[in-house]
Amino acid sequence: MPVLYALIVATLFPFALGPEDALLQRIAGGVVLVTVLLAMLLALDAMFRSDIEDGSLEQLVLAPQPLALMLGMKILAHWFTTALPLIVIAPLLAGMLHLPVQVMGVLMLALLLATPMLSLLGAVLVALTAGTRRSGMLLALMLLPLCVPVVIFAAGAVAAAQQGLPWVAPIAWLGAALVLALVLAPLACAAALRIALDA
Amino acid sequence: MSKWIPLWLHKLGSPPIFYRFAGTLRPWFLALALIAGAIGLYGGLVLAPADYQQGDAYRIIFIHVPSAWMGLFIYGVMAVASFIALVWRIKLAEAVAMESAPIGAAFTFITLVTGSLWGKPMWGTWWTWDARLTSELVLLFLYLGVIGLYHAFEDRRQGARAAAFLAIIGIINVPIVHFSVNWWNTLHQGSTVRILGPSKISMDMLWPLLTMMVATKLYYVASLFGRVRADLLELEGGKDWVRRIATGEQATGEQA
Amino acid sequence: MTSAHAIPLLQARGLSFLRADEPVFGPLDFTLHPGELALVEGDNGSGKTTLLRQLAGLLHVDEGELQWRGQPWNRDACAGEVLFLGHQLGLKMDMSPRENLHIAAGLHGARDGRDAASVLAEVGLAGYEDEPVRRLSAGQKKRAALARLLLLPAVLWLLDEPYANLDRAGIALVNRLLEAHVAGRGAALVTSHGAVSFHGGEPKRIRMHD
Amino acid sequence: MSQFLAMGGYAAYVWPAYAVFFLVLLADFISPMLRRRRNLRELRARLARQTARQQRTASPAVNP
């Protein structure tokens, strides 16, 4: 479902901007990144929704296991089911927009580092909205400030590679941030969930 | 340390005590804010000379810079109050955090609009993706997220706690955003125009600016007190002291 | 029935819950020893579910005191010893009862000598072990959730309306489970509107309204 | 005075900026006062309803 959404969005860009190779080539990296981000946002809302509705989230919270660890596993599963398919079709999207083949590797690397960040950050916010009814728009509003740095560095790496500049620094920043998020986000997610469910 | 902080907070944090305390202080803060504001604006709009480069357009600085400073300052206050609210579950801290958010959002909004009105004659454009402007925009979104999350919950205290958590995440995010936007600007070689360059600011311009900064701070306290008072009446609707205020004010006539 | 001087499993003093400063219930005082069953009685909206969620640790304790085995209640002390069964059954609809039990046992551990197949047979779901829960009837879903009680090694059961959706045989099943649990020095708090025919001695009664 | 209002030709930018500043802060200051008034009015109405209910339940006992 997110894959289809990403495909549709990426297809619309050439129609809106004209099929001019040079222009598409210049924006391809950014378009693919933003498209992937939006597609992930679409699926984010559902991360805990069904677990709240059928009561299995309560059972998870009450289980005698570290909640952060279990939520970390849930986030990992969510990343596998939504982000990984998007990464798999990313070369296709980039190809449609004529991204140079040499840059493709950097794009994939940036996506591999940026999408788990988005899953982790998104999970914390989704946990915060667990006690509310509908949260789609609110989630987007809350996620935007948090994903600005991720988008900047991921797209920055691709842009730098495209201009023939060194692209390792932004990738390294992304990697460092990801390591930090891997440790902290599940803990924050557990705390947020307890607040939102009022435990 | 860990003992007396909650004790002291609990005492002043008692809603009826704070309600009276804020009620008596609020007019004073407002009066001082208006006086300082009048002095600052007189100094800024009348006494200070026109800038040799920017002419009179620079006079927007006297509201733009204090507002920008307040946007950040209030976010800091909100984050501290949020932390206290989450750790010690103090109702007043929740009210302070949640009622700070709209004021902070108002100042951030003012910053963006006045910055835009200043930028048009100076840069020739209403908006530029400059590091400071972009950070300010992100700050506005952070405020809106906090306000939105607070109102998304049916239970107000639960909403306050969730939004307080978001505020704390946000304050970690602010420097990261600023850093990344700076880096992004160097990468894309965007506009390097600076309104406030490293140039020295003359004394005639500096003192009105500082006075305005004091005025906005005083105004913040006055506005916050008013908001928290309204909030406490709402939160404590079932309590006796609120009922007494409700029935008492009917006799003496309504006054804010 | 039980020795009065033994440390109670659960003790509440002046326990109440406030929502927007309006009391939902309480103040309540009660004790629960191992081997005791307590019925929580009250009308709709009297806070029975809220009480159970609070005791499970899903809601915070603002006013009053709650002790677990003589110590102030905390989440880690009673984790794994409390089993909560609420209105929502906590079953994954796309999985079979067997898979659902495997998940629960993975999180909580299982009682010695019990496995998913045997407890499912005991609650009357023999032959439905591998059917997706989605395709079971409401009563069968309830039974699949009740199977958790048999499989997991919890001391205190918090059962919110365990009789809902069950037929006569199902109600008898719940009573049988409760009797066996209490006989094995377990304890349970049960909310219910209807009369309960319970043969393991007179249950305690906790009234939400006085 | 008119020279002051002209702001060296930048009046179209300076005065709107100040107008926004004052209008936004005015709205910010007035909204909690209105909210407080409304809440007190609602609370009074609720208290009045409560006493009315009590009188209604009390009256049949006096006058059976």
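Where chain A touches chain C in this predicted model, the contact draws 13 residues from chain A and 17 residues from chain C. Sorted by class, the side of chain A that touches chain C comprises six nonpolar, four polar and three charged residues.

Turning to the other chains, four pairs of chains touch, and the pair with the most contacts among them is that of chains B and D. To this contact chain D contributes 25 residues, while chain B contributes 35 residues. On the side of chain D that touches chain B, 17 residues are nonpolar, three are polar and five are charged. Chain D does not touch chain C, and the nearest C-alpha atoms of these two chains are 14 Å apart. Chain A and chain D are likewise joined by no contact, their closest C-alpha atoms lying 22 Å apart. As for confidence, the predictor assigns the complex an ipTM of 0.85 and a pTM of 0.87, and chain D has an average pLDDT of 81, with 88% of its residues scoring at least 70.

Within chain A, two helix pairs can be described in detail. Two packed helices are described by the angle between their axes and the distance between the axes. Helix α2 (residues 21-44) of chain A packs against helix α7 (residues 136-162) of chain A at an angle of about 150 degrees, and their axes are 9 Å apart. Since angles over 145 degrees count as roughly antiparallel, α2(A) and α7(A) are therefore roughly antiparallel to each other. Their crossing is right-handed. On the α2(A) side, the residues that meet α7(A) are Gly29(A), Gly30(A), Leu33(A), Leu37(A), Leu41(A) and Leu44(A), and among their counterparts in α7(A) are Leu139(A), Ala140(A), Leu143(A), Cys147(A) and Val151(A). By class, this contact of α2(A) with α7(A) holds 13 nonpolar and three polar residues, and no charged residues.

The second pair consists of helix α5 (residues 67-96) of chain A and helix α8 (residues 168-196) of chain A, whose axes come within 8 Å and cross at roughly 110 degrees. An angle from 65 to 115 degrees counts as roughly perpendicular, and α5(A) and α8(A) are therefore roughly perpendicular to each other. Here α5(A) passes α8(A) in a right-handed crossing. The contact is formed by Leu67(A), Ala68(A), Leu69(A), Leu71(A), Gly72(A) and Ile75(A) from α5(A), together with Pro186(A), Leu187(A), Cys189(A) and Ala190(A) from α8(A). Of the residues in the contact of α5(A) with α8(A), nine are nonpolar, one is polar and none is charged.

Chain C contains sheets, considered next. Strands of a sheet pair through backbone hydrogen bonds, either parallel or antiparallel. Four strands of chain C make up an open sheet in the order β2-β1-β4-β5, with antiparallel pairing. Its edge strands are β2 and β5 (71-72) of chain C, each of which pairs on one side only. Gln11(C) has a partner on each of two strands: Thr31(C) stands opposite Gln11(C) in β2(C), and Gln67(C) is its bridge partner in β4(C). Ala12(C) stands opposite Leu66(C), which also belongs to β4(C).

An open sheet of five strands, again in chain C, follows the order β6-β7-β8-β3-β9, and its pairing is parallel. The edges are formed by β6 (82-85) and β9 (204-207) of chain C, each pairing on one side only, and the twist from one strand to the next averages 15 degrees. Helix α6 (residues 168-183) of chain C packs on this sheet, where α6 touches β3 (37-41), β7 and β8 of chain C, and the direction of α6 makes about 150 degrees with that of β8(C). Between β7(C) and β8(C), Leu158(C) has Leu189(C) in β8(C) as its bridge partner.

Strand pairs from these sheets are listed below.

| Strand | Paired strand | Sense | Bridges |
|---|---|---|---|
| β1 (residues 10-19) of chain C | β2 (residues 22-32) of chain C | antiparallel | seven bridges |
| β1(C) | β4 (residues 63-68) of chain C | antiparallel | five bridges |
| β7 (residues 156-160) of chain C | β8 (residues 187-191) of chain C | parallel | five bridges |

How values were computed: Residues numbered from 1 in each chain as written. Chains lettered and ligands numbered in written order. Predicted model: local features only at pLDDT ≥ 70, side-chain atom pairs only at ≥ 80, totals over all residues. Axes fitted to C-alpha atoms, helices over the stretch in contact; angles between N-to-C directions. Parallel < 35°, antiparallel > 145°, perpendicular 65-115°, else oblique. Left-handed = near helix turned anticlockwise from the far one by under 90°. Contact = placed C-beta atoms within 7 Å. Nonpolar A, V, L, I, M, F, W, Y, C, P; charged D, E, K, R; others polar. Pairing = 2+ DSSP bridges. pLDDT = per-residue confidence, 0-100.
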